[in-house]
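Welcome! Take a moment to look over the chain below, and then we can walk through it together.

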Amino acid sequence: MHWQKIKDALEKTLDYYYPLTGRLIKGDNGRYTIANFEKGALFEVIQSTDDFQDYKRCNFSYSVVPYEEMLSISSYVSRDSPLCGVKLTYTKCGSCILGISFHHKVADGWCLNQFLSLFSRICRGERIGKDEFFVYMDRDRQPVQPLQGIDHAELYPSYLPAGKPPQPSIQMRSPSKKVIFSFDRDAMKKLRLTVLEEAGQPKSKISQFNILSAFVHRAVVKARRSKDDDACGDLLCIVGAHHQHPDEKMVKYVGNFIMPLPVPNTVKQVLNKSLFELASEVHERTRSINVPFMESLEYYFNHSKQVESLVSPIHAIGKGAVGFTDWSRFVQRFDYGYGPYVRMRSFVQTSPLAIITVMPFLPETIEVIVQLDTKSMDQLVSDREFTSYVKAIN
């Protein structure tokens with residue numbers, strides 16, 4: 001993988017995704033705009049003495065691969081920080097790692113997926129026709145409209161004019177670590193069938209993904225061993241609606257069309273409910289977030305006098321909540337002209353919230369990354385019921 005070829009392809013990709021070359025500027029009303037596009041994105045090339053094969057043998061475990069060192073932007077430290085960065089790391093055996101940094105205030109994971117798809121196509125030398133690819137901005141969309149009878153202040157209340165915003169109540173016992181659980185796909189399919197049959201609902205539309213989310217969530221809550229049965233056991237799902245939008249151009253949208261959505265439960269409820277009940281709650285709750293709701297929420301944001309006065313649902317959840325994010329929709333085979341990639345890994349700075357991330361599905365495996373405090377992680381790894389569906393732990 002030649003660095004000059006990667007750099008040239010990145011420059012061409014950024015010609016389309018030019019907002020990523022700018023800098024965030026905060027306005028008086030708390031809204032951000034992007035300007036100063038001449039400042040550009042960041043591109044770095046480094047040499048590592050590590051052996052790629054060692055990484056591969058441990059399935060690119062977070063305990064072995066120094067991911068933070070492989071990102072050009074590990075955190076946003078000032079208004080002059082780039083919004084996008086690419087770091088190409090050569091290992092001693094000649095293999096490469098491509099680290100992509102992407103600011104979430106600018107766009108969501110769906111947009112990143114589109115960015116990587118275009119980036120890889122240009123790397124392969126494919127021609128991109130003028131009418132074939134475009135980016136879709138807010139200015140190109142039809143004006144969003146509010147939904148009657150929906151009070152978005154229930155999820156996003158305002159703390160003005162009271163003064164200081166409330167501090168998040170979530171917290172994780174420190175330190176934490178990330179572990180990759182490789183679930184056997186056939187075993188998970190059998191689990192779904194068993195759950196539906198035991199519930200007397202063999203034809204239910206509850207998906208394997210819903211069962212997986214409920215299964216891992218319950219295992220994490222169990223591993224944390226809260227002494228308070230009434231403590232928060234919410235699952236905070238990151239929900240998007242790009243794929244539901246009637247405007248087909250929204251698949252090229254540069255922005256955020258996602259929201260955090262709590263699925264409320266106490267610790268006792270999570271542990272006592274059946275997997276079918278928990279999965280059904282996730283199914284029904286996430287399905288309630290559709291395109292009209294999302295656009296109505298946008299309208300609410302756009303017409304708020306002070307955006308920073310709005311409090312995210314994240315602030316309202318308790319310290320026992322678990323975050324859940326889905327990367328399984330990402331294209332699985334980004335080929336940059338040197339063959340398909342071996343693995344994709346997410347990297348999130350140490351979070352006060354326990355996080356479950358589902359990675360792109362492999363032919364026989366579902367990789368789930370769990371970020372959890374070390375004491376609870378030890379309990380999770382020791383859970384025989386949980387690990388009976390897992391082929392490998394890294």
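What share of contacts in the protein chain between residues at least 6 apart in sequence join residues at least 24 apart? The share is 75%, where contact means heavy atoms within 4.5 Å.

This is a predicted model, in which local features need pLDDT of at least 70 and side-chain atom pairs count only at pLDDT 80 or more, while totals for chains, interfaces and linings use all residues. Residues are numbered from 1 along each chain as its sequence is written, and side-chain values use heavy atoms, with hydrogens and water left out.

Here are some values for the whole chain.

| Property of the protein chain | Value |
|---|---|
| Span of the C-alpha trace along its principal axes | about 55 × 55 × 40 Å |
| Buried share of the 394 residues (under 20% relative accessible area, 1.4 Å probe, protein chains only) | 48% |

Now for the inside. The largest nonpolar core (buried Ala, Val, Leu, Ile, Met, Phe, Trp, Tyr and Cys residues joined through side-chain atoms within 4.5 Å) has 56 residues. Phe181, Phe183, Val216, Val368, Val370 and Leu380 have the most contacts inside this core. Its largest share, nine residues, is supplied by helix H5, residues 208–224 (helices are DSSP runs of H or I, at least four residues, numbered from the N terminus). Another core, of 45 residues, lies apart from it and includes Ile6, Tyr17, Tyr55 and Tyr336. In soluble globular proteins, nonpolar side chains tend to be buried together.

Leaving aside residues up to four places away in sequence, Phe183 touches several residues, among them Met188, Leu212, Phe215, Val216 and Val368.

Key. Buried < 20%, exposed > 50% of the residue type's maximum accessible area, 1.4 Å probe, protein only. Helix = DSSP H or I, 4+ residues; strand = E, 2+ residues; numbered from the N terminus.
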